[in-house]
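Student: I would like to practise reading a structure feature by feature. Can we go through one together?
Tutor: Gladly. Have the sequence and the coordinates open.

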Amino acid sequence: MEGLVQVYYNKSWGTMCNEQWDKREADVVCRMMGYDESLTVVVKSAEHYDAAWMTSLQCTGNESTLFSCNHDGWRLGKCVNGENAIVTCKIPVRLVGGNHRWEGSVEVLYKGIWGAVCDNGWDIHDANTVCHQLGFKGAEAAPLRSAFGSRSGKRWMDEVKCIGNESSISECLHNGWGINGCSSSSLASVVCNRQLGENVVQRVLLFGFTTMALKYPTGILLRLKVFW
């Protein structure tokens with residue numbers, strides 16, 4: 001999921017300039033919006049958005065909100081280079097239908113809707129990427145044919161081709177979002193190694209994707225203008 005970072009302050013929406021913008025700031029934004037973190041490549045720019053609230057933003061990457069980071073102060077102006085900050089966040093993934101949290105049919109959240117992954121071309125490399133994204137050391141198996149039960153609803157991904165070391169399934173090649181030829185009995189599944197990966201901190205992810213905006217007690221709002 002990719003979007004332009006916008007802040008509502010003093011009754012006006014403004015963007016953030018991309019000066020000194022890197023993965024640390026993007027990670028904070030993605031976590032605020034309920035995603036895991038940003039993808040590796042996050043230094044992008046959006047042009048032609050004149051009003052900006054925050055410039056020279058500097059985060060450590062561990063802040064709970066963007067507004068705890070250092071910046072040049074609240075003032076509505078223009079970015080020096082005329083470009084605004086964009087973030088690309090990891091698409092959330094979950095396992096459903098299994099008896100344990102480390103197994104189940106794979107689902108991803110896209111456009112605010114959970115949908116399945118088809119099993120065409122699905123193998124252990126794809127399963128490894130999913131398990132790594134969920135915080136496990138890797139995959140033990142990549143079951144096919146809706147091993148954890150058939151499910152109705154959206155099917156977001158098909159012909160997924162991962163190397164196995166990606167940080168998110170959204171980094172893998174696939175046919176395109178919503179382009180598939182599979183039935184409810186052809187869903188991809190994983191059985192992960194139940195051991196957690198190194199340096200993984202277990203946490204609860206709070207998903208609030210209906211409005212794609214978060215409100216803070218100070219009256220400040222954060223939102224992403226999403227580029228689907």
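Student: Let me begin with a single residue. Is Ser146 buried or exposed?
Tutor: Remember that this is a predicted model. Ser146 has a relative accessible area of 9%. The cut-off for buried is under 20%, so Ser146 is buried.

Student: Where is Ser146 placed?
Tutor: In the loop between strand 9 and strand 10. Now look at its backbone. Most residues other than glycine have a negative phi. Ser146 is not a glycine, yet its phi is positive, about 50°.

Student: Which phi does Glu159 have?
Tutor: A positive one, about 55°, and Glu159 is not a glycine either. Its place is the loop between strand 10 and strand 11. Glu159 counts as partly exposed because its relative accessibility is 27%.

Student: Now helices. How many residues of helix 2 are buried?
Tutor: First the general idea. An α-helix has 3.6 residues a turn, so residues three or four places apart point the same way. Here, helix 2 spans residues 124-133, and 7 of its 10 residues are buried. They are Asp126, Ala127, Asn128, Thr129, Val130, Cys131 and Gln133.

Student: What covers the buried residues of helix 2?
Tutor: The cover includes strand 6 (93-97), strand 7 (103-110), strand 9 (139-141) and strand 11 (189-192).

Student: What caps the N-terminal end of helix 2?
Tutor: Asp123 does. One of its side-chain oxygens lies 3.0 Å from the backbone nitrogen of His125. After helix 2 comes Gly135, with a positive phi near 100°.

Student: On to the interior. Which residues touch the most other members of the largest nonpolar core?
Tutor: Start with the principle. In soluble globular proteins, nonpolar side chains tend to be buried together. The largest nonpolar core here has 24 residues, and Val117, Trp122 and Val190 touch the most other members. Strand 6, strand 7, helix 2, strand 10 (155-157) and strand 11 each give two or more residues to this core. A second, separate core has 21 residues, including Met16, Ala26, Cys69 and Cys89.

Student: What is Trp122 in contact with, leaving aside neighbours within four places in sequence?
Tutor: Among its contacts are Val106, Val117 and Val190. Ala127 and Val130 are also in contact with Trp122, and both are buried residues of helix 2.

Student: One last residue. Is Asp27 buried or exposed?
Tutor: Asp27 counts as buried, because its relative accessibility is 11%. Asp27 belongs to helix 1 (residues 23-32). Not counting residues up to four places away in sequence, Asp27 touches Glu37 and Ser38.

How values were computed:
Residues numbered from 1 in each chain as written. Predicted model: local features only at pLDDT ≥ 70, side-chain atom pairs only at ≥ 80, totals over all residues. Heavy atoms only, no water. Buried < 20%, exposed > 50% of the residue type's maximum accessible area, 1.4 Å probe, protein only. Helix = DSSP H or I, 4+ residues; strand = E, 2+ residues; numbered from the N terminus. Contact = heavy atoms within 4.5 Å. Polar contact = N/O pair within 3.5 Å; in protein donor to acceptor, adjacent residues only side chain to side chain. Core = buried A, V, L, I, M, F, W, Y, C linked by side-chain atoms within 4.5 Å.
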